[in-house]
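Visitor: I'd like to learn how to read a protein model with two chains. Could you walk me through one?

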Number of protein chains: 2
Amino acid sequence: MTAPQQERSKATRLRLVEAAVDCLAEKGWSGTTVAIVARAAGVSRGAAQHHFPTREDLIAGALEFATETQLIENRARAAALPEHGLTRVEAVVNMLVDIYVGPYFRAALQVWVAASADPSLHARVQPLEARLGRTIHHVAVELLRADERKPGVRETIQGTLDMARGFGLATVLGDDSARRRPIVRQWARVLAGVLGEQ
Amino acid sequence: MTAPQQERSKATRLRLVEAAVDCLAEKGWSGTTVAIVARAAGVSRGAAQHHFPTREDLIAGALEFATETQLIENRARAAALPEHGLTRVEAVVNMLVDIYVGPYFRAALQVWVAASADPSLHARVQPLEARLGRTIHHVAVELLRADERKPGVRETIQGTLDMARGFGLATVLGDDSARRRPIVRQWARVLAGVLGEQ
DNA sequence: AGATAAAATCAAGCGCGCATGCTGGTTTTG
DNA sequence: CAAAACCAGCATGCGCGCTTGATTTTATCT
């Protein structure tokens with residue numbers, strides 16, 4: 001048989017991490033208590049404590065889930081990208097920016113900032129962030145069909161990602177989409193120039 | 001008379017907000033309790049509560065102080081900027097980046113992220129952030145001697161600031177200076193191109 | 001195969017620690 | 001002497017981790 005108890009266990013864990021991610025994104029770090037997450041997931045606090053012995057385990061699990069989901073979503077969106085030329089560059093930049101202004105990033109932001117003052121959490125979070133950063137960079141290079149051997153290309157792409165991160169940060173203080181749009185347009189033009197020049 | 005008791009009061013308040021900023025930067029949001037800040041400032045908890053009735057008042061005061069100090073420091077560094085040409089552009093970008101990777105920004109980051117889930121704090125913090133953002137943008141335009149009427153100039157400068165913000169965010173996860181340097185160099189080159197083209 | 005032991009999952013309650021805010025008292029200043 | 005600045009203690013609330021108990025699933029033995 002398919003071991004239905006393992007099934008149920010997995011499902012409970014999943015509901016918990018999903019609830020934790022949502023809670024982090026909308027209630028923030030301090031607002032994310034195990035009791036609240038458990039209630040949102042529809043399980044008791046004891047059950048949560050069973051699957052994630054400590055609060056840090058729950059948070060780390062949530063971040064891991066968010067990272068994973070982020071990557072999967074990227075693959076999907078990458079497949080549905082437009083044709084060639086400047087519109088494609090702009091679409092790619094838009095996609096990258098969307099990563100950093102979405103709810104998963106908001107959740108991750110809470111954890112990252114909190115982890116900056118919590119060594120033990122930092123140790124668990126830092127590798128996740130590093131992997132995500134590398135993957136996104138790789139995806140960006142691939143989608144832009146960029147030649148990283150050209151001088152300046154790699155650096156410009158990295159800068160683009162950092163700009164997107166900056167957008168994500170600005171978003172937590174309020175909706176920024178109106179301010180963002182012209183910047184993205186302009187930057188896509190510049191980026192296309194750097195990619196294609198010479 | 002110079003009312004020395006007002007003098008003392010001011011001094012105590014200053015020590016408190018300074019201690020609060022330091023504490024935010026190195027111990028994070030949750031680690032910044034009024035008791036710890038008061039001890040770091042060398043006053044009793046009751047005194048802190050006297051000057052800042054609630055914890056939120058203390059945090060808001062600290063952020064205000066950090067914002068103010070940030071602006072003053074900028075003026076000073078702006079005066080000591082190099083001559084003209086590409087080196088100047090690079091120096092300006094470096095200066096802007098330094099703003100966002102310094103301790104004042106780290107402290108502000110903690111407050112901003114926490115404020116995203118705290119409406120009452122958000123209301124006090126948002127105008128500060130807006131003012132700081134506008135001022136920095138203005139300073140950047142002035143130092144770069146940019147002509148904002150040229151299409152794309154304003155957007156590129158804004159993008160530069162967002163990239164700097166992104167650097168600041170990346171810094172809380174670990175030292176990033178090595179990765180940053182080539183990106184800044186390249187970015188300065190691109191920015192100089194946008195500023196100078198017509 | 002059937003039964004029983006063992007393990008896993010979920011629920012509820014308890015106690016500890018800690019941060020905040022408040023109140024009453026003491027010192028310093030004008 | 002009056003007022004402001006400063007300090008010590010108390011009370012409330014809350015989150016976390018632990019322990020106990022009940023229910024279901026898996027494993028083992030005859």
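Guide: Let's go through this model feature by feature, starting with the ground rules. This is a predicted model, where local features need pLDDT of at least 70 and side-chain atom pairs count only at pLDDT 80 or more, while totals for chains, interfaces and linings use all residues. Residues are numbered from 1 along each chain as its sequence is written, chains are lettered from A and ligands numbered from 1 in the order in which they are written, and side-chain values use heavy atoms, with hydrogens and water left out.

Visitor: How many helices and strands does chain A have?

Guide: Helices (H or I, at least four residues) and strands (E, at least two) are DSSP runs, numbered from the N terminus. Chain A has 9 helices and 0 strands, so from the N terminus on you read α-α-α-α-α-α-α-α-α. Its C-alpha trace spans about 60 × 45 × 30 Å along the principal axes.

Visitor: What share of the residues in chain A is buried?

Guide: "Buried" means under 20% relative accessible area, "exposed" means over 50%, and "partly exposed" is in between (1.4 Å probe, protein chains only). In chain A, buried residues make up 53% of the 198. As for contacts, they mean heavy atoms within 4.5 Å. Take the contacts in chain A between residues at least 6 apart in sequence: 69% of them join residues at least 24 apart.

Visitor: Let's zoom in on one helix. How far does α8 of chain B reach?

Guide: First the general idea: an α-helix has 3.6 residues a turn, so residues three or four places apart point the same way. The expected span is 1.5 Å times one less than the number of residues. Helix α8 of chain B (residues 153-171) has 19 residues and reaches 27 Å from its first C-alpha to its last, close to the 27 Å expected. Of those 19 residues, 17 are buried, so α8(B) is largely enclosed by the rest of the structure.

Visitor: Which residues does B:T160 touch?

Guide: B:T160 sits in helix α8 of chain B and is buried, at 3% relative accessible area. Leaving out residues up to four places away in sequence, B:T160 touches B:V93, B:W187 and B:L191.

Visitor: How many disulfides are there over all chains?

Guide: A disulfide is a covalent bond between the sulfur atoms of two cysteines. The test here is a pair of cysteine sulfur atoms within 2.5 Å. Searching the whole structure finds 0 disulfides. Two cysteines you can look up are A:C23, buried at 6% relative accessible area, and B:C23, also buried at 6%.

Visitor: And how many salt bridges are there over all chains?

Guide: The rule asks for a side-chain nitrogen of Lys or Arg within 4 Å of a carboxyl oxygen of Asp or Glu. The count comes to 22 over all chains. One of them joins A:R77 and A:D98, with the closest N and O atoms 3.4 Å apart. That pair links distant parts of the chain: A:R77 is in helix α4 (residues 55-79) and A:D98 is in helix α5 (residues 85-101), 21 residues apart. A:R77 is partly exposed at 40%, and A:D98 is partly exposed at 33%.

Visitor: What about a salt bridge in chain B?

Guide: Try B:D147 with B:R149, whose closest N and O atoms are 3.0 Å apart. B:D147 is partly exposed at 29% relative accessible area, whereas B:R149 is exposed at 74%. Salt bridges can also share partners: A:E129, A:D162, A:R165, B:D176 and B:R179 are joined that way into one network.

Visitor: How many salt bridges are there between chain A and chain B?

Guide: The count between them is 2. In one salt bridge, the side chains of B:R179 and A:D162 meet at 3.0 Å, N to O.

Visitor: How much area do chain A and chain B bury between them?

Guide: Buried area is the accessible area (1.4 Å probe) that two parts lose on being put together, summed over both. Here that is about 3,100 Å², with 69% of it on carbon and sulfur atoms. A:V113, A:L169 and A:L173 supply 21% of the area that chain A buries against chain B, more than any other three residues. In terms of contacts, 38 residues of chain A meet 37 residues of chain B.

Visitor: What turn lays chain A on chain B?

Guide: Two copies of a chain are related by a rotation about an axis and a shift along it. Copies are superposed by least squares on the C-alpha atoms of residues with pLDDT of at least 70 in both. A turn of 180 degrees and a shift of 0.0 Å along the axis lay chain A on chain B with an RMSD of 0.1 Å. The two copies are thus related as by a two-fold rotation axis. Also, 97% of the interface residues of chain A are interface residues in chain B too, so the copies meet through the same surface.
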